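Thanks for coming. I have one structure to go through this morning, so please bring it up on your screens and keep it open while I talk.

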Amino acid sequence: MKSGEKNASNLFARECMVSALMLLLEEKPLSSVSVTELAKKAGVSRMTYYRNYRSKDEIFITYLDDIVDSYRKDVASWEDKGNYNSYNNMLHCFQYFYKHKDFIKCLLKSGMGNLLLQALTDYVLGTYWEDREDTALYYTLHAFAGSLFNLYIAWILRSTEDTAESMASVICKIYGNGDSGTEKTGVKERAPIISD
């Protein structure tokens, strides 16, 4: 098997294991899920599981890393990444992570919501804390990541019809972003459209 085929095969197996684990967690807690039933549900061998992971927790950790890495690459392609709390960034963030709401709900249900908080914090600091001497910004960015995490979790767990646009406006209001995304021209900034 060629290297590219092997990587594609591993990626597919990993996606199957994430999906299988999410399905199994609808029935029982993570501690009760065996590797054998996980592999069977995913349609892979136990050897494939052990080749990719050291623990069931690592399935979630790796998948979350992939989600955040994809987000980071997407934002890196923008000409202007803007301020960390701009309407444009917040709209994109809520649209992007909403696509993964079932996975994130599963993280929370398994008691691993802290992984998302840490991933958000690492992303915000890594992207916006450029002046390593600016301790005020360091703490501000930590507070911002916590606010973003809690607002996002409240949004997806509440299961309302609130839009990504309204949630972006909420966090912009919290952080005093003037009129929450409406520029002086009266037109909101537009983030790139997130497709399914």
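Let me begin with a question: is Arg54 buried or exposed? Arg54 is exposed, and its relative accessible area is 74%. Before I go on, please keep in mind that this is a predicted model.

Arg54 has a partner. A salt bridge joins Arg54 and Glu58, with 3.7 Å between the closest N and O atoms. The partner sits differently with respect to the surface: Glu58 has a relative accessibility of 16% and counts as buried. The cut-off for buried is under 20%, so Glu58 falls in that class. For exposed, the value has to be over 50%, and therefore Arg54, at 74%, is put there.

In general, side chains of opposite charge can pair when their charged atoms come close. In this structure there are five salt bridges, and I will show you two others from that set.

One of them links Lys28 with Glu37. Here the closest N and O atoms are 3.0 Å apart. Lys28 is partly exposed, at 26% relative accessible area. Glu37 is partly exposed as well, with a value of 24%.

The other links Asp162 with Arg158, and the closest N and O atoms are 3.4 Å apart. Arg158 is exposed, with 60% relative accessible area, whereas Asp162 is partly exposed at 32%.

Next, the cavities. How many cavities of 30 Å³ or more does a search of the whole structure find? The search finds three. I will take the largest and then the second largest.

The largest cavity holds about 130 Å³ of space. It is lined by 15 residues, and those closest to its centre are Tyr71, Cys93, Tyr123, Val124 and Leu148. If you want to find it on the screen, select those five residues.

Which helices should you look at around it? At least two lining residues come from each of α4 (56-76), α5 (87-98), α7 (113-128) and α8 (135-158). The largest share belongs to α7, which supplies five residues. As for chemical character, 14 of the lining residues are nonpolar, one is polar and none is charged.

The second largest cavity has a volume of about 40 Å³. Its lining consists of Cys93, Phe94, Phe97, Leu116, Leu120, Leu148 and Tyr152. Helices α5, α7 and α8 each give two or more residues to this lining. Which of the elements gives the most? That is α5, with three residues. All seven lining residues are nonpolar, with no polar and no charged residues in the set.

You may have noticed two names coming up again. Cys93 and Leu148 are among the residues closest to the centre of the largest cavity, and both also line the second largest cavity.

My last stop is a single residue, Thr48. Thr48 is located in helix α3, which covers residues 46-52. Is Thr48 buried or exposed? Thr48 counts as buried, because its relative accessibility is 12%. Setting aside neighbours within four places in sequence, what does Thr48 touch? Thr48 is in contact with Ala13 and Met17.

To recap, we looked at three of the five salt bridges, at the largest cavity with its space of about 130 Å³, at the second largest with about 40 Å³, and at Thr48 in helix α3. That is everything I have for today.

Key:
Residues are numbered from 1 along each chain as its sequence is written. This is a predicted model: local features need pLDDT of at least 70, side-chain atom pairs count only at pLDDT 80 or more; totals for chains, interfaces and linings use all residues. Side-chain values use heavy atoms; hydrogens and water are left out. A salt bridge is a side-chain nitrogen of Lys or Arg within 4 Å of a carboxyl oxygen of Asp or Glu. Buried means under 20% relative accessible area, exposed over 50%, partly exposed in between (1.4 Å probe, protein chains only). On a 1 Å grid over the protein atoms alone, a cavity is a set of points where a 1.4 Å probe fits but cannot get out, and a pocket is an open set with protein on both sides within 12 Å along at least five of seven lines; lining residues have an atom within 4 Å of a point. Grid points are joined across faces, edges and corners, and a volume is the space filled by probe spheres set on the points. Helices (H or I, at least four residues) and strands (E, at least two) are DSSP runs, numbered from the N terminus. Ala, Val, Leu, Ile, Met, Phe, Trp, Tyr, Cys and Pro count as nonpolar, Asp, Glu, Lys and Arg as charged, and the others, Gly among them, as polar. Contact means heavy atoms within 4.5 Å.
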